[in-house]
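Hi everyone, thanks for making the time this morning. I'd like to walk you through one model, so please have a look at it while I talk.

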Amino acid sequence: MECQKKITCVVDYVIDPRKISEFEEFGRRWIELVEKHGGEHLGYFLPSEGASDRAIALFNFQSLAAYEKHRSRFGSDPEFIAADRIRDESGCILRYERTFIRPLLRR
């Protein structure tokens, strides 16, 4: 199996566990936006069992340049601003960290 050249962005969130529904709304909007602007969203992974304040998002872009084109819309595109407003007004996200990874797959 040949490894594709795409990048995967991992966003590790610390969320307010009392505001899961707001975080889910935020996530649904960003899934749509990533898909609409050339990415492949792999989903948001939310707390399941027990008390937890961690969530993860995974999405792919064909290259870092393609991701940067997507990111260039932050703060100026009305859809991006509306999606971020969910986060800002609800306080569902306390902090987050973005990392880029690449797969190492079985041959």
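I'll go from the overall layout to the sheet, then to the core, and finish with some polar pairs.

First of all, keep in mind that this is a predicted model. The chain has three helices and four strands, and along the sequence they come in the pattern β-α-β-β-α-α-β. If you like a bounding box, the C-alpha atoms fill one of roughly 45 × 35 × 20 Å along the principal axes. Of the 107 residues, 35% count as buried. For those of you who think in contact maps: take the contacts between residues at least 6 apart in sequence, and 72% of them join residues at least 24 apart.

Now the sheet. In what order do the four strands sit? The order is β2-β3-β1-β4, in an open sheet with antiparallel pairing. The edges are taken by β2, residues 40-45, and β4, and each has a single partner strand, so one side of each is left without a neighbour in the sheet. Neighbouring strands are turned by 15° against each other on average, ignoring direction.

Let's look at the pairings one by one. Strand β1 covers residues 7-15. Towards β3, which spans residues 54-61, β1 is joined by eight bridges, and the two run antiparallel. Towards β4, residues 93-101, there are eight bridges as well, again in the antiparallel sense. You can see both sides of β1 at Val14: its bridge partner in β3 is Arg54, and in β4 Val14 stands opposite Arg95. The remaining pairing is between β2 and β3, antiparallel over five bridges, and there Phe45 has Ile56 in β3 as its bridge partner.

How many of the nine residues of β1 are buried? Eight of them are, so to speak under cover. One I'd like you to click on is Thr8, which sits in β1. Thr8 is buried, at 12% relative accessible area. The side chain of Thr8 makes a polar contact with the side chain of Asn60, at 2.4 Å. Leaving aside residues up to four places away in sequence, Thr8 touches Leu58, Phe59, Asn60, Thr99, Phe100 and Ile101.

On to the packing. Helix α1, residues 20-36, lies across β1, β2, β3 and β4, and runs at about 170° to β2. The largest nonpolar core has 21 residues, and those touching the most other members are Tyr13, Phe23, Phe26, Trp30, Tyr44, Phe59 and Ile93. Which elements each supply at least two residues of this core? They are β1, α1, β3 and α3. Phe23 is a nice one to centre your view on: beyond its sequence neighbours up to four places away, Phe23 touches Tyr13, Ile15, Tyr44, Leu46, Ala55, Cys92 and Ile93.

Last topic: charges. A search of the whole structure finds nine salt bridges, and I've picked a few.

The first pick is Arg29 with Glu32, where the closest N and O atoms are 2.3 Å apart. Both residues lie in α1, three residues apart, about one turn of the helix. Arg29 is partly exposed, at 22% relative accessible area, and Glu32 is partly exposed too, at 46%.

Next, Lys36 and Glu79 meet in a salt bridge at 2.6 Å, N to O. Lys36 belongs to α1 and Glu79 to α3, residues 78-90, so this pair ties together parts that are 43 residues apart in sequence. Lys36 is exposed, with 53% relative accessible area, whereas Glu79 is partly exposed at 30%.

Then there is Arg87 with Asp84, whose closest N and O atoms are 3.3 Å apart. These two are three residues apart in α3, about one helical turn. Are they buried or exposed? Arg87 is buried, and so is Asp84. And there is a third member here: Asp84, Arg87 and Asp88 are linked in a network of salt bridges.

That's my tour. Thanks for listening, and do spin the model around while we chat.

Note on methods: Residues are numbered from 1 along each chain as its sequence is written. This is a predicted model: local features need pLDDT of at least 70, side-chain atom pairs count only at pLDDT 80 or more; totals for chains, interfaces and linings use all residues. Side-chain values use heavy atoms; hydrogens and water are left out. Buried means under 20% relative accessible area, exposed over 50%, partly exposed in between (1.4 Å probe, protein chains only). A polar contact is a pair of N or O atoms within 3.5 Å; within protein, one must be able to donate a hydrogen and the other to accept it, and residues adjacent in sequence count only if both atoms are side-chain atoms. Contact means heavy atoms within 4.5 Å. Two strands pair if DSSP finds at least two bridges between them. A salt bridge is a side-chain nitrogen of Lys or Arg within 4 Å of a carboxyl oxygen of Asp or Glu. Axes are lines fitted to C-alpha atoms, for helices over the stretch in contact, and angles run from 0 to 180 degrees between N-to-C directions. A nonpolar core is a set of buried Ala, Val, Leu, Ile, Met, Phe, Trp, Tyr and Cys residues joined through side-chain atoms within 4.5 Å.
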